[in-house]
Each structure stands twice: as structure tokens, then as C-alpha cells.
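Subject: Structure handover

Hi there,

Here is the structure I promised to pass on to you. Please open it alongside this email, and my notes follow below.

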Amino acid sequence: MNDFSVQSAAASAAVPVKNTQTAMMISRQAQEVQAAMVVAKRFPRDEVDSFNRIMTSCQRKSLAERAMYEYPRGGTKVTGPSIRLAEAMAQNWGNIDFGIIELEQNNGESQVMAYAWDLETNTRQTKIFNVPHVRGTKKGNVTLTDPRDIYEMVANQGARRLRACILGVIPGDVIDAAVEQCKKTMTEGNEKPLIDRIREGVKLFEEKFSVSQQMLEKYIGCKCEAFSENDMVRLNNVYRSLRDGMSKREDYFDVSLPEEETEVTDPFKGKSEQKKEGNDGKKDKTESE
């Protein structure tokens with residue numbers, strides 16, 4: 001037995017295996033990874049064919065509608081490829097192993113690993129992070145105890161890291177081309193400009209459901225002039241839900257906007273009148289003297 005074997009055996013003995021089931025799982029996963037790497041080397045990807053498959057997938061409107069994420073921040077919008085687009089690219093690029101694994105769960109939080117591994121080039125992105133079993137609400141943080149709520153929280157947080165891992169192993173120019181194709185798919189079939197469709201949508205919400213422009217802007221997070229194609233998709237989904245009676249407008253919009261949010265008043269009006277009255281009183285006093 002060589003020195004390496006001795007060291008390996010000693011290292012294995014130093015790390016106790018919890019049970020036979022855990023050892024079998026580790027061994028099976030190692031064998032699966034080895035087999036996947038052998039298959040990837042025997043059947044390497046055709047990058048031209050893989051690229052064309054990605055472009056074809058991005059021509060599906062159902063994918064294009066969910067291909068980008070957007071959220072308002074500081075008066076602007078943060079946008080980028082969504083986890084759905086990242087998964088579609090990984091599936092069509094080929095020979096990529098990716099996923100989310102919950103390593104352990106204790107003390108009210110889960111330790112999770114998200115990874116993406118290009119089996120051909122041996123390029124790997126891994127992110128290990130903790131997910132507290134807490135959900136933030138307007139009334140404060142709420143501790144999660146239901147296993148389903150915990151699972152959904154872990155899956156939601158893991159999807160964000162998984163997206164970053166997948167985008168880290170796929171060439172950047174392929175990602176940019178996929179995003180552009182999704183944008184092109186979103187605009188195809190619309191003869192009217194986006195701004196005209198926004199005006200018609202605002203008018204339709206007002207006439208059908210008494211939802212004002214201010215309510216729509218608060219729901220989206222920006223002025224209607226800045227609405228994007230993805231925002232119109234969101235509003236279309238809300239409109240269909242309201243039209244079919246599946247929900248009420250109160251489920252989406254703040255129907256009790258205070259007056260100061262809907263009408264702009266002059267904050268110096270009262271002070272100007274008080275100052276004017278004070279000057280008039282001073283003038284009258286001077287004239288009486």
C-alpha cells in the first residue's frame with residue numbers, strides 16, 4: 001500500500017460516516033458524476049446546434065414572457081435574465097449539471113448549495129448560503145414552522161443563486177443573444193407602439209374596473225411612461241384574472257390611496273397666507289400710528 005492510500009484511509013477514518021444510507025448516497029452520487037463526465041467527453045456538444053436550440057426556445061412567447069426579471073430600485077429598474085431563461089439555456093447548451101441541494105437544517109435556518117457544472121470544460125460555479133426560516137412582512141418578521149413554507153422559502157432563495165451559477169458557466173455572448181431574441185419575440189405581432197398600448201390599457205382598467213392610473217403605477221412601481229413589455233404582460237395577467245372573476249381589484253391594487261398621493265398640493269400655501277396676513281397687520285398698525 002502506497003503512502004497516498006495510507007493517507008486516504010486515515011482521512012476516511014477521521015471523518016465518521018453517519019449511517020449506511022448516507023454512505024450509499026455519497027457513493028451513488030460520485031458514480032453518477034463520473035458517468036456523466038465520461039458521457040460528456042464521448043459526446044461533446046455541437047456549439048452551433050446548441051446555440052440554434054437556445055434561439056428556437058427563445059422564440060416561444062411563453063418563455064419570452066418569463067425570460068427577464070424586473071424590479072424598481074431608486075427610481076430606476078433593475079433587470080436581467082430570469083431563472084426560467086437560465087434553465088432553458090442550460091438544458092439546450094447541454095452537458096451541464098445544475099441544481100440546488102439543502103445541506104443541513106438546524107437552529108431555524110437551512111444551509112443550501114446551488115451549483116452549475118459544465119462537465120465538458122470542468123468549469124464550475126458553486127454558492128453556499130444560509131436561508132433563515134423567517135418571512136418579512138409589513139408587520140414584522142414571521143418565523144416559519146410549516147415544512148411547506150420552509151421548502152418554498154429555500155427554493156425561492158436557491159433559485160436566485162442557481163441563476164447566477166448557470167449564467168457563470170454559459171458564454172456571455174450566448175446569454176446576450178438569448179436575451180435579444182426574447183425581446184424580439186415579445187414585440188413581434190404587436191402592430192401598435194408600446195406607448196399606445198399602455199394608454200389603451202390604462203383606459204381599459206379605468207373603464208372596466210375603476211382602477212386609476214395612480215393605482216397601476218403603484219402596482220408596477222414606476223410611471224406609466226416607463227412601463228416595459230414585461231410590465232404589460234403582468235397587467236394583462238391581472239386584467240384576465242379580474243375579467244374572469246378569479247380575483248378582485250383589492251387583491252392587486254391599493255384602492256384607498258390618500259388624497260396627497262393623488263393630488264399635488266402647494267405646501268407653502270398656508271405659510272404664504274399667514275405671511276400675507278402678518279404683513280397686512282403690520283401695515284395697518286403703521287398707518288394707524
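Let me start with a helix pair towards the end of my list. Helix α9 (residues 213-220) and helix α10 (residues 229-243) have axes that come within 11 Å and cross at roughly 115°. Their crossing is right-handed. From α9, the contact draws on Leu-216, Tyr-219 and Ile-220, while α10 brings Asp-231, Arg-234, Leu-235 and Val-238. By type, the residues of this contact are five nonpolar and two charged, with no polar ones. Before you read on, please keep in mind that this is a predicted model.

Staying with α10, have a look at Glu-229, which sits in that helix. Is Glu-229 buried or exposed? Glu-229 has a relative accessible area of 16%, and the cut-off for buried is under 20%, so Glu-229 counts as buried. The side chain of Glu-229 has a partner in the side chain of Arg-197, with a polar contact of 2.8 Å between them. Beyond the neighbours within four places in sequence, Glu-229 is in contact with Met-186, Thr-187, Asn-190 and Leu-194, as well as with Arg-197.

The second helix pair involves α5. Helix α5 (residues 83-93) is largely enclosed by the rest of the structure, because eight of its 11 residues are buried. Those buried residues are Ile-83, Leu-85, Ala-86, Ala-88, Met-89, Ala-90, Asn-92 and Trp-93. Just after α5 comes Gly-94, with a positive phi of about 85°.

Which helix packs against α5 at an angle of about 145°? That is helix α3 (residues 47-58), and the axes of the two helices are 8 Å apart. The α3 and α5 crossing is right-handed. On the α3 side, the contact is made by Glu-47, Ser-50, Phe-51, Arg-53, Ile-54, Ser-57 and Cys-58; on the α5 side, by Leu-85, Met-89, Asn-92 and Trp-93. Here the split by type is six nonpolar, three polar and two charged. The α5 residues in this contact, Leu-85, Met-89, Asn-92 and Trp-93, also appear among the buried residues of that helix.

Trp-93 leads on to another acidic residue, since Asp-118 has Trp-93 among its contacts. Asp-118 belongs to strand β4 (residues 109-118). With a relative accessible area of 3%, Asp-118 is buried. What does the side chain of Asp-118 reach? One target is the backbone nitrogen of Thr-121, at 3.4 Å. Another is the backbone nitrogen of Glu-120, which lies 3.0 Å from a polar atom of the Asp-118 side chain. Leaving aside neighbours within four places in sequence, the residues in contact with Asp-118 are Arg-45, Trp-93, Asn-95, Ile-96, Thr-123 and Val-169.

Finally, some overall values for the chain. The protein chain has 12 helices and seven strands. The chain has 289 residues, of which 30% count as buried. Taking contacts between residues at least 6 apart in sequence, 57% join residues at least 24 apart. The chain exposes about 19600 Å², and carbon and sulfur atoms supply 50% of that area.

If you have time for a quick look, I would begin with two views: the α3 and α5 contact, and the side chain of Asp-118 beside the backbone nitrogen of Glu-120.

Happy browsing, and all the best!

Terms used
Residues are numbered from 1 along each chain as its sequence is written. This is a predicted model: local features need pLDDT of at least 70, side-chain atom pairs count only at pLDDT 80 or more; totals for chains, interfaces and linings use all residues. Side-chain values use heavy atoms; hydrogens and water are left out. Helices (H or I, at least four residues) and strands (E, at least two) are DSSP runs, numbered from the N terminus. Buried means under 20% relative accessible area, exposed over 50%, partly exposed in between (1.4 Å probe, protein chains only). A polar contact is a pair of N or O atoms within 3.5 Å; within protein, one must be able to donate a hydrogen and the other to accept it, and residues adjacent in sequence count only if both atoms are side-chain atoms. Contact means heavy atoms within 4.5 Å. Axes are lines fitted to C-alpha atoms, for helices over the stretch in contact, and angles run from 0 to 180 degrees between N-to-C directions. A crossing is left-handed if the near helix is turned anticlockwise from the far one by less than a right angle, and right-handed if clockwise. Ala, Val, Leu, Ile, Met, Phe, Trp, Tyr, Cys and Pro count as nonpolar, Asp, Glu, Lys and Arg as charged, and the others, Gly among them, as polar. Accessible areas come from the Shrake-Rupley method with a 1.4 Å probe; for residues, only the protein chains shown count as cover.
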